[in-house]
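The following exercises ask the reader to work from a structure to its surface, its pockets and its charged contacts. Each task is followed by a solution in steps.

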Amino acid sequence: MSLDADQDLGPDLESRLQDGDHQALRVWLRLLSCTTRIEDQIRQRLRSDFGTTLPRFDLLAQLERSPDGMTMRELSQRLMVTGGNVTGITDQLEAEGLVVREPHPSDRRSVTVRLTPAGRRQFKRMAATHEGWIVELLAGWSPEQKTAVSELLAGLKGHLAQLDAARK
């Protein structure tokens with residue numbers, strides 16, 4: 001199925017655009033619209049297939065990448081959410097036996113959160129399914145198009161990092 005790049009795909013963030021809006025604004029809203037649509041699909045599928053949420057999945061993903069665990073502060077920074085959000089999600093996952101809190105080895109005021117074996121198994125199942133969803137959702141692009149988009153976004157990310165550094 002081929003869609004015209006400017007075809008109306010229903011109401012979303014791009015519907016805010018008006019004639020004469022800057023090209024950069026058009027690109028920004030298109031990126032945001034696509035991101036929102038993909039994220040909505042992932043949220044729905046996580047809920048229906050695994051009875052979980054995207055924030056819970058994201059927290060488990062961070063812990064999967066850190067076998068020795070992470071502090072609540074590190075999780076909060078990586079997930080870009082408040083400590084209270086991390087505490088609430090961690091409480092739920094701990095009650096389900098998917099994560100465990102342990103005293104931090106060098107900071108008595110802190111705890112380390114890590115996956116339990118059950119949490120690791122559950123995350124591996126979810127991650128494999130999640131990868132399949134992403135492949136499906138981006139199947140409208142050829143491998144060459146995916147490479148081109150990835151390279152363009154890498155350039156944008158680098159530019160944004162430079163702007164951040166200049167502001168500090």
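The exercises below concern this predicted model.

**Exercise 1. Identify the residues that make the nonpolar surface patch, and state which element gives the most to it.**

Solution.
- Step 1. Val-27, Leu-31, Leu-153, Leu-156, Leu-160 and Leu-163 make a nonpolar patch of about 460 Å² on the surface.
- Step 2. Two elements, α1 (23–50) and α6 (143–167), each give two or more residues to this patch.
- Step 3. The most comes from α6, which gives four residues.
- Step 4. Leu-160 may serve as an example from helix α6. Its relative accessible area is 42%, and the range for partly exposed residues lies between 20% and 50%, so Leu-160 is partly exposed.

**Exercise 2. Describe the second largest pocket by its volume, its lining and the character of its lining residues.**

Solution.
- Step 1. The second largest pocket holds about 390 Å³ of space.
- Step 2. Its lining has 14 residues, and those closest to the centre of the pocket are Leu-54, Asp-58, Gln-62, Arg-78 and Leu-79.
- Step 3. The elements α2 (54–64), α3 (72–79) and α4 (83–95) each give two or more residues to this lining. The largest share is that of α2, with six residues.
- Step 4. Sorted by character, the lining of this pocket comprises eight nonpolar, two polar and four charged residues.

**Exercise 3. Where does Met-80 lie, and is Met-80 buried or exposed?**

Solution.
- Step 1. Met-80 is found in the loop between α3 and α4.
- Step 2. Most residues other than glycine have a negative phi. Met-80 is not a glycine, yet its phi is positive, at about 55°.
- Step 3. The relative accessibility of Met-80 is 75%, and a residue counts as exposed over 50%, so Met-80 is exposed.

**Exercise 4. State how many salt bridges the model contains, and locate the pair formed by Glu-64 and Arg-120.**

Solution.
- Step 1. The criterion is a side-chain nitrogen of Lys or Arg within 4 Å of a carboxyl oxygen of Asp or Glu. The count by this rule is nine salt bridges.
- Step 2. Glu-64 and Arg-120 form one of them through their side chains, with an N to O distance of 3.0 Å.
- Step 3. Glu-64 belongs to helix α2 and Arg-120 to helix α5 (residues 117–137); the two residues are 56 residues apart, and the pair links distant parts of the chain.
- Step 4. Arg-120 has a relative accessible area of 24% and is therefore partly exposed.

**Exercise 5. Which parts of the chain are tied together by the salt bridges of Arg-101 with Asp-91 and of Glu-102 with Arg-114?**

Solution.
- Step 1. The side chains of Arg-101 and Asp-91 meet at 2.7 Å, N to O, in a salt bridge. Because Arg-101 lies in strand β2 (residues 99–103) and Asp-91 in helix α4, this pair ties together parts that are 10 residues apart in sequence.
- Step 2. Both partners are partly exposed: Arg-101 has a relative accessible area of 23%, and Asp-91 one of 38%.
- Step 3. Glu-102 and Arg-114 also form a salt bridge between their side chains, at 2.7 Å, N to O. Glu-102 is in strand β2 and Arg-114 in strand β3 (residues 111–115), so the parts tied together here are 12 residues apart in sequence.
- Step 4. Glu-102 is partly exposed at 26% relative accessible area, as is Arg-114 at 27%.
- Step 5. Elsewhere, salt bridges that share partners join Glu-64, Arg-120 and Lys-124 into one network.

Terms used: Residues are numbered from 1 along each chain as its sequence is written. This is a predicted model: local features need pLDDT of at least 70, side-chain atom pairs count only at pLDDT 80 or more; totals for chains, interfaces and linings use all residues. Side-chain values use heavy atoms; hydrogens and water are left out. Patches are made of residues with over 30% relative accessible area and no salt bridge: like charges are joined within 9 Å, nonpolar side chains (Val, Leu, Ile, Met, Phe, Trp, Tyr) within 5 Å. Accessible areas come from the Shrake-Rupley method with a 1.4 Å probe; for residues, only the protein chains shown count as cover. Buried means under 20% relative accessible area, exposed over 50%, partly exposed in between (1.4 Å probe, protein chains only). On a 1 Å grid over the protein atoms alone, a cavity is a set of points where a 1.4 Å probe fits but cannot get out, and a pocket is an open set with protein on both sides within 12 Å along at least five of seven lines; lining residues have an atom within 4 Å of a point. Grid points are joined across faces, edges and corners, and a volume is the space filled by probe spheres set on the points. Ala, Val, Leu, Ile, Met, Phe, Trp, Tyr, Cys and Pro count as nonpolar, Asp, Glu, Lys and Arg as charged, and the others, Gly among them, as polar.
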